[in-house]
Amino acid sequence: MYAQRKQWPLDGVRVHLAYEKGRDRADRITRRIELMGELDDAQRARLLEIADRSPVTRAVRGGTPIIPTPERHHPLPLPAKGHDGHE
């Protein structure tokens with residue numbers, strides 16, 4: 001959204017994440033962000049800075065709990081009936 005508002009030539013973004021346990025048994029997530037497009041170094045740096053302050057990054061860093069909730073059942077739609085009233 002930021003690049004779009006600034007009319008920067010950002011063609012796409014790929015985010016690669018990996019969950020790891022370090023030698024010290026500490027959990028961590030490694031992240032690599034690929035910015036595709038003809039961006040200059042300053043634009044790339046700014047977009048990576050913004051990514052570091054995203055709500056998802058803040059939630060993970062802050063240890064926001066994940067609370068499971070029951071699955072919601074969505075009934076399957078009934079098959080369409082033919083023009084004579086039969087399936």
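With which residue does Glu20 form a salt bridge? In the predicted model described here, the partner of Glu20 is Arg28, and the closest N and O atoms of the two side chains are 3.1 Å apart. Glu20 counts as partly exposed, at 28% relative accessibility, and Arg28 is likewise assigned as partly exposed, at 42%. This pair is considered below together with the other salt bridges, after the overall architecture and the nonpolar groupings.

The secondary structure of the protein consists of three helices and two strands. Along the sequence these elements follow the order α-β-β-α-α. Of the 87 residues, 13% count as buried. The protein exposes about 8200 Å² of surface, of which carbon and sulfur atoms supply 54%. Among the contacts with a sequence separation of 6 or more, 31% join residues 24 or more positions apart.

The largest nonpolar core comprises six residues, namely Tyr2, Ala3, Trp8, Leu35, Leu39 and Leu47. Both Tyr2 and Trp8 are buried. A search of the whole structure returned one aromatic pair. In this pair the ring centres of Tyr2 and Trp8 are 5.5 Å apart and the ring planes stand at 75 degrees, so the arrangement is classed as edge-to-face. Apart from neighbours within four places in sequence, Tyr2 is in contact with Trp8, Arg46, Leu47 and Ile50. Two of these partners, Trp8 and Leu47, are also listed as members of the core.

Trp8 recurs in the surroundings of Gln43, a residue of helix α2, which spans residues 41-52. With neighbours within four places in sequence left aside, Gln43 is in contact with Trp8, Pro9 and Glu38. Gln43 is classed as buried because its relative accessible area, 13%, falls under the 20% cut-off.

A second nonpolar grouping is located on the surface. Val13, Val15, Leu17, Tyr19, Ile29, Val56 and Val60 form a nonpolar patch with about 720 Å² of accessible area together. The elements that give two or more residues to this patch are β1 (10-21) and α3 (55-61). Strand β1 gives the most, with four residues. Val56, a patch member, lies in helix α3 and counts as exposed because its relative accessibility is 59%, over the 50% cut-off.

Ile29, also in the patch, is placed in strand β2, which covers residues 27-37. Ile29 counts as partly exposed, at 46% relative accessibility. When residues up to four places away in sequence are not counted, Ile29 touches Leu17, Ala18, Tyr19 and Val60. Three of these partners, Leu17, Tyr19 and Val60, are named among the patch residues. The remaining partner, Ala18, is 11 residues from Ile29 in sequence, and the C-alpha atoms of the two residues are 5.5 Å apart in space.

Side chains of opposite charge can pair when their charged atoms come close. In the present model, the count comes to eight salt bridges. One of them joins Glu34 to Arg14, with the closest N and O atoms 3.9 Å apart. This pair links distant parts of the chain, Glu34 being in strand β2 and Arg14 in strand β1, at a separation of 20 residues. Glu34 is partly exposed, with a relative accessible area of 25%, and Arg14 is partly exposed at 45%. The two residues belong to a network of salt bridges in which Arg14, Arg32 and Glu34 are linked.

A further salt bridge is formed by Arg46 and Glu49, whose closest N and O atoms are 2.6 Å apart. Both residues lie in helix α2, where a spacing of three residues corresponds to about one turn of the helix. Arg46 counts as partly exposed, at 26% relative accessibility, and Glu49 as partly exposed, at 39%. Arg46 is additionally one of the contact partners of Tyr2, and Tyr2 in turn is a member of the largest nonpolar core. Arg46 thereby has both a salt bridge with Glu49 and a contact with the core residue Tyr2.

How values were computed: Residues are numbered from 1 along each chain as its sequence is written. This is a predicted model: local features need pLDDT of at least 70, side-chain atom pairs count only at pLDDT 80 or more; totals for chains, interfaces and linings use all residues. Side-chain values use heavy atoms; hydrogens and water are left out. Buried means under 20% relative accessible area, exposed over 50%, partly exposed in between (1.4 Å probe, protein chains only). Contact means heavy atoms within 4.5 Å. A nonpolar core is a set of buried Ala, Val, Leu, Ile, Met, Phe, Trp, Tyr and Cys residues joined through side-chain atoms within 4.5 Å. Patches are made of residues with over 30% relative accessible area and no salt bridge: like charges are joined within 9 Å, nonpolar side chains (Val, Leu, Ile, Met, Phe, Trp, Tyr) within 5 Å. Accessible areas come from the Shrake-Rupley method with a 1.4 Å probe; for residues, only the protein chains shown count as cover. A salt bridge is a side-chain nitrogen of Lys or Arg within 4 Å of a carboxyl oxygen of Asp or Glu. Rings of Phe, Tyr and Trp (its six-membered ring) pair if their centres lie within 6.5 Å; planes under 30 degrees apart count as stacked, over 60 as edge-to-face and the rest as tilted.
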